[in-house]
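Dear colleague,

Please find below the structure that I am handing over to you, together with its sequence. My notes on what was found follow directly after it.

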Amino acid sequence: MIEQSNKEGSAIDRTKPPRNMPLPEMVWPVVVQQPIEWAGGLLPVDLIEGGGQDLVRIEWQFPAGSWHESKPLLAALTNRMLQEGSVGHNSKQIAEQLDYYGAYLHHEGGVHRSMVGVYCLGKHLEAVLPLVW
């Protein structure tokens, strides 16, 4: 049996619980709900200030998970095909542009919804959005 010791070098007494330590104060980010006009309608948007870096994260969530599919794996396949090209760009062009701007595109398919998201620097947002939208 291996005996553990604490910082002082004495053996740890496993029969006594550790002493309670105060928790650090949590600082929660402020969430601003601000609808924006998009494609002729209002789109609900949650803005979260996350620090001093010029990093932007945008996520689109759709009610398109496996619960909504008409055939098995249709939702997952459709979600994965989003990076394989579009009317305006093929998969190589999308990958090269995302790489050039240091952006990251991700997608997830779940049971009740699917999500597409992009991370990029704020200064490159206007160049990256056409690749996703």
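**The β6–β7 hairpin**

Strands β6 and β7 are joined by a hairpin through four residues. Please bear in mind that this is a predicted model. The two strands, β6 at residues 104-109 and β7 at residues 114-121, run antiparallel and are joined by six bridges. Within this pairing, E108 stands opposite M115 of β7.

E108 also has a contact with a helix residue. Its backbone oxygen lies 2.9 Å from a polar atom of the N79 side chain. N79 belongs to helix α1, which covers residues 74-80. Is N79 buried or exposed? With a relative accessible area of 6%, N79 is buried, because buried means under 20%.

**Aromatic pairs**

How many aromatic pairs does the structure hold? There are two. In one of them, Y100 and Y101 meet edge-to-face, with 4.9 Å from centre to centre and 85° between the planes. Y100 has a relative accessible area of 65% and is therefore exposed, the cut-off for that class being over 50%.

Y104 and Y119 also form a pair, with ring centres 6.1 Å apart. Their planes stand at 35°, so this pair is tilted. Because Y104 lies in strand β6 and Y119 in strand β7, the pair ties together parts that are 15 residues apart in sequence. Both tyrosines fall in the partly exposed class: Y104 has a relative accessibility of 49%, and Y119 has one of 26%.

**The largest pocket**

The largest pocket has a volume of about 1,300 Å³. Its lining is made up of 29 residues, of which V45, D46, L47, R57 and I58 are the closest to the centre of the pocket.

Which elements supply at least two residues each to this lining? They are the strands β1 (31-33), β2 (36-38), β4 (46-48) and β5 (55-62), together with helix α3 (125-132). The largest share comes from β5, which contributes eight residues to the lining. By class, the lining of the largest pocket consists of 17 nonpolar, seven polar and five charged residues.

For your own inspection of the model, I suggest the following order:

- the hairpin that joins β6 to β7;
- the contact between the E108 backbone oxygen and the N79 side chain;
- the tilted pair of Y104 and Y119;
- the lining of the largest pocket, beginning with β5, the source of its largest share.

With kind regards

How values were computed: Residues are numbered from 1 along each chain as its sequence is written. This is a predicted model: local features need pLDDT of at least 70, side-chain atom pairs count only at pLDDT 80 or more; totals for chains, interfaces and linings use all residues. Side-chain values use heavy atoms; hydrogens and water are left out. On a 1 Å grid over the protein atoms alone, a cavity is a set of points where a 1.4 Å probe fits but cannot get out, and a pocket is an open set with protein on both sides within 12 Å along at least five of seven lines; lining residues have an atom within 4 Å of a point. Grid points are joined across faces, edges and corners, and a volume is the space filled by probe spheres set on the points. Ala, Val, Leu, Ile, Met, Phe, Trp, Tyr, Cys and Pro count as nonpolar, Asp, Glu, Lys and Arg as charged, and the others, Gly among them, as polar. Two strands pair if DSSP finds at least two bridges between them. Rings of Phe, Tyr and Trp (its six-membered ring) pair if their centres lie within 6.5 Å; planes under 30 degrees apart count as stacked, over 60 as edge-to-face and the rest as tilted. Buried means under 20% relative accessible area, exposed over 50%, partly exposed in between (1.4 Å probe, protein chains only). A polar contact is a pair of N or O atoms within 3.5 Å; within protein, one must be able to donate a hydrogen and the other to accept it, and residues adjacent in sequence count only if both atoms are side-chain atoms.
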